[in-house]
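Have your viewer open and your selection tool ready. We will go from stop to stop, and at each one you will hear what to select and what is there.

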Amino acid sequence: MDYEINQHPFEELDHNFSLLTIDTEGMDLKVVQGLNLNRYRPQVILIEIRLFQFANPFKNEIVSYMYENNYCLIAKTPYDAFFVSKENTLGWIPSEMLES
């Protein structure tokens, strides 16, 4: 399925907004892959990820994709994962947390 956002085109957004939340009921990976993370660099991206193994986080396609795009997983709840851009530590995240 192809989806198009017509109500608020991304071209009208500030390129460096602070928070992006994605919860698309199973389509989260496709939505993330459809983002132009070279052009738009939210400081924090919150994504619903239910199937997650702490022992091997890179088994999850979203986690792998986010790391490939220079985002680091900094927190995980039962439903959501918090990713921070490695270029912007928000002034309080220890640099050790952002190392691959």
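## Start at the second helix

Select α2 and colour its surroundings: the buried residues of this helix pack against α1, β2, β3 and β4. Keep in mind throughout that you are looking at a predicted model. Now show the side chains of Ile62, Val63, Ser64, Tyr65, Met66 and Tyr67, which are the buried residues of α2. With 6 of its 8 residues buried, this helix is mostly covered.

## Step back to the whole chain

Zoom out and switch to a cartoon view. The chain has 2 helices and 4 strands, and from the N terminus their order is β-α-β-α-β-β. Of its 100 residues, 37% count as buried. If you count contacts with a separation of 6 or more, 56% of them join residues 24 or more positions apart.

## Into the nonpolar core

Next, select Ile22, Ile45, Ile47, Ile49, Ile62, Met66 and Phe83. These residues have the most contacts inside the largest nonpolar core, which has 22 residues. Two or more core residues come from each of β1 (19–22), α1, β2 (44–48), α2, β3 (71–76) and β4 (80–85). Which element gives the largest share of this core? The helix you began with does: α2 supplies 5 residues. In soluble globular proteins, nonpolar side chains tend to be buried together.

Stay with Ile22 for a moment and show what surrounds it. Beyond its neighbours within four places in sequence, Ile22 is in contact with Asp28, Val31, Val32, Leu35, Ile45, Leu46, Ile47 and Glu48.

## The loop between β1 and α1

Move on to Asp23, which sits in the loop between β1 and α1. Asp23 is partly exposed, because its relative accessible area is 44%, between the 20% and 50% cut-offs. Apart from its neighbours within four places in sequence, Asp23 is in contact with Asp28 and Glu48. Try the distance tool here: from C-alpha to C-alpha, Asp23 and Ile49 are 8.8 Å apart in space, with their positions 26 residues apart in sequence.

In the loop between β1 and α1 you will also find Glu25. Is Glu25 buried or exposed? Glu25 counts as exposed, because its relative accessibility is 61%, over the 50% cut-off. Check its backbone too: the phi of Glu25 is near 50°, a positive value in a residue other than glycine. Most residues other than glycine have a negative phi.

## A pocket to fill in

Turn on a surface and select Gly26, Asp28, Leu29, Glu48, Ile49, Arg50, Leu51, Asn60, Glu61 and Ile62. Together they line the second largest pocket, whose volume is about 180 Å³. Colour the lining by class and you should get 4 nonpolar, 2 polar and 4 charged residues. Both α1 (28–34) and α2 (61–68) supply at least two residues of this lining.

## Asn60, at the start of α2

One of those lining residues is Asn60, so centre on it next. Asn60 belongs to the loop between β2 and α2, and it counts as buried because its relative accessibility is 14%, under the 20% cut-off. At the start of α2, a side-chain oxygen of Asn60 comes within 2.8 Å of the backbone nitrogen of Ile62. Outside its neighbours within four places in sequence, Asn60 is in contact with Ile49 and Leu51.

## Just after α2

Follow α2 to its end and on to Asn70, in the loop between α2 and β3. What is the phi of Asn70? The value is near 70°, which is positive in a residue other than glycine. Asn70 is partly exposed, with a relative accessible area of 30%.

## Last stop: Arg41

Finally, select Arg41 in the loop between α1 and β2. Why does Arg41 count as buried? Arg41 counts as buried because its relative accessibility is 16%, under the 20% cut-off. Two partners are worth displaying. The side chain of Arg41 reaches the backbone oxygen of Asn69 at 3.1 Å, and a polar contact of 3.3 Å joins the side chain of Arg41 to that of Ser85.

Terms used:
Residues are numbered from 1 along each chain as its sequence is written. This is a predicted model: local features need pLDDT of at least 70, side-chain atom pairs count only at pLDDT 80 or more; totals for chains, interfaces and linings use all residues. Side-chain values use heavy atoms; hydrogens and water are left out. On a 1 Å grid over the protein atoms alone, a cavity is a set of points where a 1.4 Å probe fits but cannot get out, and a pocket is an open set with protein on both sides within 12 Å along at least five of seven lines; lining residues have an atom within 4 Å of a point. Grid points are joined across faces, edges and corners, and a volume is the space filled by probe spheres set on the points. Ala, Val, Leu, Ile, Met, Phe, Trp, Tyr, Cys and Pro count as nonpolar, Asp, Glu, Lys and Arg as charged, and the others, Gly among them, as polar. A nonpolar core is a set of buried Ala, Val, Leu, Ile, Met, Phe, Trp, Tyr and Cys residues joined through side-chain atoms within 4.5 Å. Buried means under 20% relative accessible area, exposed over 50%, partly exposed in between (1.4 Å probe, protein chains only). Contact means heavy atoms within 4.5 Å. A polar contact is a pair of N or O atoms within 3.5 Å; within protein, one must be able to donate a hydrogen and the other to accept it, and residues adjacent in sequence count only if both atoms are side-chain atoms.
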